[in-house]
Amino acid sequence: MNILDKIVANKRIEVDLKKSLITQAQLEASVMMERTSISLAEVLRKSSSGIIAEHKRRSPSKSVINQSLSVQDVAKGYSEAGACGMSVLTDGKYFGGSLDDLVLARASTNMSILRKEFIIDEYQIVEAKAYGADVILLIAAILRRDEIKVLSELAKGLGLDVLLEVHNEEELEKSLMPSLDMLGVNNRNLKSFEVDLGISKSLSQKIPDEFVKVSESGISSVEAIKDLRKFGYQGFLVGENFMKNDDPGKNAAEFIKRLEQ
């Protein structure tokens, strides 16, 4: 099993355990279900930076990135920096995140918040809405086309934006459907963890214009973003580059300022 297979296998066990404690009906009773979500896709279309700033404590590829900061401080810092949105890792075993991080981020900022998670079940989408997310991530590498359709249509029915992540042309072709808002190209191979920005460039022309194009992972310079913009990208997910600093918000502010010059 590669790391992605291990994460998904663990996630299936985790979701089943959660269902035994909190039913989907209980999630649907959350006050957050009545909240009007902030469309990240709309924000990105109008933005001059396109930065989606991520809160990430650790990862399988980098081990510990930063475990000393509170998610609320990071959220406030990113908001003040002018980020378009915030990505919050909620996987515990491999990334050190939790749903509590999502709640605290939601309470700390009015930005659009993406729940970064390995979603394999409708339950997780209702959970995302109930805990304050505006956007959900679907990963083509772990889902069949029919699963992507069911999950994305459920998310849209709840008023959530959908970011669909692909790594290659085959995943992109099986995934294109009207219930998606954004197409994200992950420059990091989730099986080997190698990074190549050329993946975003090569897939750019194959993504229809009705979807907001987002480049994810391995983005560490203003120059890289300016280069990717030439290929039609409007969103850029940046996590480790900000989180490896003592003050991610300050680092993000300086980065965005350089980007908008």
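Which residues form one aromatic cluster with Tyr78? I looked this up and found Tyr78, Phe242 and Phe255 in one cluster.

Basis. I am reading a predicted model, in which local features need pLDDT of at least 70, side-chain atom pairs count only at pLDDT 80 or more, and totals for chains, interfaces and linings use all residues. Residues are numbered from 1 along each chain as its sequence is written, and side-chain values use heavy atoms, with hydrogens and water left out.

Rings. I counted three aromatic pairs (rings of Phe, Tyr and Trp, the last by its six-membered ring, with centres within 6.5 Å; planes under 30 degrees apart are stacked, over 60 edge-to-face, the rest tilted). The ring centres of Tyr78 and Phe242 lie 6.0 Å apart with planes at 55°, so I noted this pair as tilted. Tyr78 sits in helix H4 (residues 71-81) and Phe242 in helix H11 (residues 240-243), 164 residues apart. I checked cover next: Tyr78 is buried, at a relative accessible area of 0%, and Phe242 is buried, also at 0%. Buried means under 20% relative accessible area, with a 1.4 Å probe and protein chains only.

Whole chain. I found 12 helices and 10 strands in the protein chain (DSSP runs: H or I of at least four residues, E of at least two, numbered from the N terminus). Buried residues make up 55% of the 261 residues. Of the contacts (heavy atoms within 4.5 Å) between residues at least 6 apart in sequence, 68% join residues at least 24 apart. I noted a box of roughly 50 × 40 × 35 Å for the C-alpha atoms, along the principal axes.

Notes. Buried means under 20% relative accessible area, exposed over 50%, partly exposed in between (1.4 Å probe, protein chains only).
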